Amino acid sequence: MIDRDADKRLAAVAAVREVCDDMLVGLGTGSTATHAIAALAERRLRIETVATSHASAKLAESLGLRVRDFAEVSRVDLAIDGADAIDAELYAVKGAGGAMLREKVVADAADRMIVIADGSKRAQRLGGTPLPVEILPFAKSYVVARLAHFFDRTAERPNYRTDNGNIVVDGHGWDDTALQTLADSLVAIPGVVGHGLFLREIDAAYIADGGIVTRLERGRNPR
Ligand code: 5RP
């Protein structure tokens with residue numbers, strides 16, 4: 001049987017090898033990113049970090065990593081983060097952990113973003129994965145009504161608030177044939193503050209499957 005957690009760790013360790021002294025590193029959120037934070041701390045490099053969630057900041061600090069306030073940062077060298085589904089184009093769905101807005105901001109600020117994942121996250125198509133949408137609580141009913149145009153079904157996460165104080169609605173059953181159009185349509189709805197479609201942020205990915213790590217680079221992967 002495949003040990004998914006061991007694969008997550010392998011992918012994380014491979015990505016962390018790309019980190020050098022003097023870098024400012026963006027720390028992702030989730031179980032795979034947790035392995036990366038631990039692997040980074042073990043390397044004892046002379047680096048600083050920014051975190052995409054309170055949980056990752058707390059973990060990184062507890063392991064001795066210096067975590068800067070991202071509000072005071074305009075550029076990051078390298079971001080390392082997990083994903084819920086990723087295809088050969090390095091388009092991805094993120095946000096099962098609810099941190100996709102901060103993750104996207106940090107990824108956008110980064111010169112390079114690397115996704116780390118176990119093999120179960122590789123997808124031919126993204127539309128089978130629920131797409132998280134972060135919504136201003138004030139706008140909930142209005143936005144959910146608008147989302148019905150794009151999803152077969154939506155489900156609000158119960159008793160849940162993001163680190164930004166917003167709610168998350170997961171969109172199930174969506175058309176993945178025009179990803180950029182969908183992304184543009186979602187951000188155009190007033191009250192939507194973010195979503196989990198990552199279409200241009202990811203530069204490379206380390207995917208571990210059954211102990212074998214594969215490195216994907218944007219624009220260079222067989223379908
Ligand atoms: C959090 C995320 C995570 O990176 C994504 O959900 C993958 O999580 P995991 O590594 O636990 O499978 O996007 O918002």
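In the predicted model, seven strands are arranged as an open sheet of mixed pairing, and their order across the sheet is β3-β2-β1-β4-β7-β13-β14. The edges of this sheet are taken by β3 (67–68) and β14 (212–217), each of which has a single partner strand, so that one side of each is left without a neighbour in the sheet. Within the sheet, strand β4, spanning residues 76–81, runs parallel to strand β7, spanning residues 110–118, and the two are joined by five bridges. In this pairing, alanine 79 has methionine 113 of β7 as its bridge partner. Helix α4, formed by residues 100–109, lies across β1 (24–27), β2 (48–51), β4 and β7, and the helix runs at about 130° to β7.

A second open sheet is built from three strands in the order β5-β6-β12, with antiparallel pairing. Here β5 (85–86) and β12 (197–198) are the edge strands, each pairing on one side only. Strand β6, which comprises residues 92–93, is paired with β12 in the antiparallel sense over two bridges, and alanine 92 is found opposite phenylalanine 198 of β12.

The domain assignment of the protein divides it into domain 1, which consists of the two segments 4–124 and 199–217, and domain 2, which covers 131–195. The C-alpha centres of domain 1 and domain 2 are 24 Å apart, and the contact between them involves 14 residues of domain 1 and 17 residues of domain 2.

The ligand is surrounded by 18 residues, of which Ser31, Thr32, Asp84, Gly95 and Lys121 come nearest. Oxygen atoms of the ligand also lie at short computed distances from polar protein atoms, as the following cases show. For lysine 94, an N or O atom of the side chain is 2.9 Å from an oxygen atom of the ligand, and for glutamate 103, which falls within the range of helix α4 (residues 100–109), an N or O atom of the side chain is 3.1 Å from an oxygen atom of the ligand. At glycine 98 the atom concerned belongs to the backbone, where a polar atom is 3.4 Å from an oxygen atom of the ligand. Taken alone, the ligand exposes 380 Å², and 91% of that area is buried by the protein.

Notes. Residues are numbered from 1 along each chain as its sequence is written. This is a predicted model: local features need pLDDT of at least 70, side-chain atom pairs count only at pLDDT 80 or more; totals for chains, interfaces and linings use all residues. Side-chain values use heavy atoms; hydrogens and water are left out. Two strands pair if DSSP finds at least two bridges between them. Helices (H or I, at least four residues) and strands (E, at least two) are DSSP runs, numbered from the N terminus. Contact means heavy atoms within 4.5 Å. Axes are lines fitted to C-alpha atoms, for helices over the stretch in contact, and angles run from 0 to 180 degrees between N-to-C directions. A residue is near a molecule or strand if one of its heavy atoms lies within 4 Å of it. A polar contact is a pair of N or O atoms within 3.5 Å; within protein, one must be able to donate a hydrogen and the other to accept it, and residues adjacent in sequence count only if both atoms are side-chain atoms. Accessible areas come from the Shrake-Rupley method with a 1.4 Å probe; for residues, only the protein chains shown count as cover. Domain bounds come from an automatic or database domain assignment.
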